[in-house]
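Colleague: I am new to this structure and would love a close look at one part of it. Could you pick a helix pair and walk me through how the two helices meet, with a little of the surroundings?

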Amino acid sequence: MSSRPVSSQSAHRPRPPSTSSSRSPLEQLVYSLVPSLAPPRSHRTSLDVRSGRSSVASSRPDSRAEVDDVTERERKERVKELMEWCEEIMESRLPSSTPLSASTLPDTAKRILLQSNSRIDGRSASRQSSRGESSSSGSERAMRFSGVWNKLEKGRLLSSPSPHLQFLLSLSEFNPHNVPAKPLSTNGSSAASSSRAMPPPPVPATFPSNQPSSSRQALADTGSTNLPTLDFDVKGKSKAEVLKAWRKSKSQKPFPQHLLLRDTLYLLQGIDGRYVRFAIRPPKEQNPYLTEKGRAGEGVGFPLGKDGAINQEEEGEEGDIVGIEIVADQPKDGYISKPTQTILMQLSEMGMLYRQVTDFISSKQAGEGKGGMTEQSLCHFLHHELSEYHRLLAVLESQMNQTFSDDNEPPADGAGLTLMRLGLWTEEMKLKLKQMSLVVEEAKKTHGGALVSKIHKHTSHGDPLIRRFTDQILEEVSKPFFGTLQKWIFSGDLHDPFNEFFVQLNPETTSLRDHGRISPAGDVGFEMGIDSLGRTDEAQTIWEKKYVFVKGMVPGFVSEEFGKKIFSTGRSLNFIRYSCGDSDWIETQAKLANAGRALKYSDLAGLERSIDDAYSIASQRLLEIFFDKFILLEHLRALKSYLMLGAGDFTELLMEALAPRLSKPAISLYRHHLTSDLESAIRGSNAQFDNPEILKRLDARILEYSHGETGWDCFTLEYKVEQPLNTILNQKSMLDYDKLFNHLWKLKRVESSLTQNWIRVTSSSKVYEKLPGLSNDWHHCRIVQSEMVHFLRNLQAFYQLEVIECSWKDLIDFTEKRQGDLDALINAHREYLDRVVKKVLLLSNKRDKEEILLDAVRDALDYILQFRDATDDLYGWSLAEATRLDRERDSERGLYTIPTTDSPTLSLNQLHSIKQRIKQCSNSFQDKLISICHLAGSHNDLDIRFLAIRLAWNGHYSLRKSSKPHGLIGERSSARSNRG
Amino acid sequence: MSSSKDDEARLQNARETIDSLHDLSQLLQTGLDKNTLSICVSMIEQGANPDTLAAVIKELRRENEVLKAQKSDNM
């Protein structure tokens, strides 16, 4: 900056002596412009006329003839003074603000001329017309300008026309920089047009002296919404000064800054200032903004919009106050410029945010809302942050006091407090406050884990400052969460007085449990069943329903899968503790304590690790307890061998022992008989070597029966499970086991009766073979019988080998791995049982037809039983007939016999009906078998389709079905029997 | 002779230039008369800074106003 004045000086200085006139051009200029100071005319001026400055002489006023010495001296002094002043200006020039190149200068001039159109015309018309210039339009002037400019550029005399143009432009009345120096225009009556005609009101007009130039620039940019500012400045007068002068001309003083600052500091604390105050409180109903804000305030995404609303409102209020002051105290208080108002507005936003935050804190402390530890820690954090804020305010205040301690005189640049600085220094705090108020807004709506996850969302904010701040908030806010988490995953205790954790006690459970406990106690009788069922219900709910997983409360930094893990960990521990009564609990806890360090938000990786550890330890422990202490596997095996009739010897013995009793009507059954039979079956079979723990759970039971049912229909074998075990072997599973047992038991019973029947038929074949005309019937019986045996054998083999054992193997494979938690184990067992049930009961996927195949099999079994009865009858008849024939033979031989009472015709009738029954049964059975094969062959389960192939491996049934229509089978068999 | 002719041509040229500058000055409504303008043009030609010169003009005008005011006061 300094180089240029020097160069211009050096260029300027040597010249004056070289001019032809003895008077320096500056002096001439002085005389020309201030004619009253011109010296009395001298002859020298005539020379000037000839050297191209002729007009100087002519324009000079006539000097007085008689010169007063005193006045002459005065004049000379004055001129000298003026010359010095002018030279000083020339030398100590202000920084040049005209970096314009020569090329843009004419454009600028043209633009100015174009813009001059409206505003100059009116007021300077008189002046123009006196000079013979019509007040033509701006465009016309611009055109004329370009013509003259072209001519000048072509002329070779001037070294360069641009400095001249620059000079002229600087003096031009059209130049907007020059206007404010003149008295205010009067042409614009409306406020809008006058404000347009006015210069851009630059902000620093109020405090120009201590504003750094850069900030002044920035403010001018933000503050002016006016004409496009020209790039060059008028030398010697900054915009600020110009505006100041204008203000002065309107006799408006800038508002004292220290008062504003003080008020601002109040505003920052959310307190109304003396001159500026918040406009939120007083007019609750009248203010249209308020109601609008109230509505908008409930929305989530408009905190900024809300701020804006408040600010607007505040601006209005502020404006009101200023206006009043101007009326009352105009000379004293002065004018607050619009940009300053803007700054005040921006600063006061902080006060509003502060109010929000403090309101929240006080409302929480007053005990409103749900409370909760998360809120408490949030409040603690906010307190901490606000005390930081207070500290900052205190510093600012002391700064302000320092600044304005002496005479309200603003100190030199770079020191002291200004509104701009206030804005700058509180910028960071403002962001923090904004973030805090955001969090506070959220805290009003949510609580606990949901709040934590809401806050966590802000951690992905783009601004590192906010990110860091949010991390700090989270660190504090998540403390109670981690406290609860620690308790939960390390000791299985749910310490959550305000329901903030994502694991919560199930409200239904307590009532359910109470119910389960009370009702069996009330009506427990000799029937143990109800009791055991009641207990099953209870234990099942402890695991499944004691705690619930609340998805919405899982904090954002914990994934849901991870949350499930946490949930399971605590649940396992809780279960170990309360339901299993584990004596090794302390050991587990010690292990867990090693695994767990202090959990913090900042150490998420460590958190995951320790939770993983805790999870695996707890799950392992729980599985161990189940497998080792509660010998779960033994129980499952027992269920398989006793309820699914896997233990053949036991089943056989039981069947033998029970058969005579069960054939009687159900009403004659007594439980103690059944239990004693069961006992003897156990004693007699390999079951006696089984764990007594298991054997004592086996029990025989009579189901509810209706009139006419036999023992077979209502007998069932029961396996009792209790407390921890029934988590896995729950009620539903036991029902499934029951179903399986019933079906298999029936199958077994049919099989054994058929076997006995076969034995009888086969062993006494010698007897009836002698009987005439029956061999064909017997042959037919044997064929059908073997068909039945084939069917039963295959069905049983399928059940035992393909269904039960295969599923069992899968279950064993799973348990050997010992992975996952109790839930996984439950699921594995459930899967195993489902598979077995589905295949044993031959359930199909089709709706309403699930049991169609099962029904067919049951029907077939019934037919087998009927057939057996019929065959027994036939056997009895044959025996009787044989005896009769023997007797006849004896009497022929002359031996004495007991005379027969039955007539042969009657017995022949009997024979006929027996034959009929046999035929019917065998036909029905075969029909059923065909349909079974057909149904099983088209079953969607592949294993069951294989069963169909097994049953009819040589295509016998399908052949028979396709070759013979339904009705013909009976004829065929009868024909066969007739043939024999 | 030739030199005088040259001089004359130059003078003519200068007059034309001043005239056109005066035109410009009137276009831009600077309020300068021809005499003052020619002084200023010569000063700028000699290397004076146009901006500062403009400032000086403004100062002098103000001074003139002040003096006028004084005179009127005296009277």
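**A helix pair and its surroundings**

Modeller: Happily! Let me start with the smaller picture: chain B has three helices and zero strands, so to speak an α-α-α pattern when read along the sequence. Of the 75 residues of chain B, 52% count as buried. Please keep in mind that this is a predicted model.

Now to the pair itself, which lies in chain A. Helix α27 (residues 648-662) of chain A and helix α28 (residues 671-684) of chain A have axes that come within 8 Å and cross at roughly 155°. Angles over 145 degrees count as roughly antiparallel, and therefore α27(A) and α28(A) are roughly antiparallel to each other. The crossing of α27(A) past α28(A) is right-handed. On the α27(A) side, the contact is made by A:Phe650, A:Leu653, A:Leu654, A:Ala657, A:Leu658, A:Arg661 and A:Leu662. From α28(A), the residues taking part include A:His673, A:Leu674, A:Asp677, A:Leu678 and A:Ile682. Sorted by class, this contact has ten nonpolar, three polar and two charged residues.

Further along chain A you will find strands. Strand β3 (residues 698-702) of chain A pairs with β4(A) in the antiparallel sense over five bridges, and A:Ala700 stands opposite A:Leu717 in β4(A). Strand β4 (residues 715-719) of chain A is mostly covered, with five of its five residues buried. Both of its faces are covered: A:Phe715, A:Leu717 and A:Tyr719 are on one side, and A:Thr716 and A:Glu718 on the other.

Note on methods:
Residues numbered from 1 in each chain as written. Chains lettered and ligands numbered in written order. Predicted model: local features only at pLDDT ≥ 70, side-chain atom pairs only at ≥ 80, totals over all residues. Heavy atoms only, no water. Buried < 20%, exposed > 50% of the residue type's maximum accessible area, 1.4 Å probe, protein only. Helix = DSSP H or I, 4+ residues; strand = E, 2+ residues; numbered from the N terminus. Pairing = 2+ DSSP bridges. Axes fitted to C-alpha atoms, helices over the stretch in contact; angles between N-to-C directions. Parallel < 35°, antiparallel > 145°, perpendicular 65-115°, else oblique. Left-handed = near helix turned anticlockwise from the far one by under 90°. Contact = heavy atoms within 4.5 Å. Nonpolar A, V, L, I, M, F, W, Y, C, P; charged D, E, K, R; others polar.
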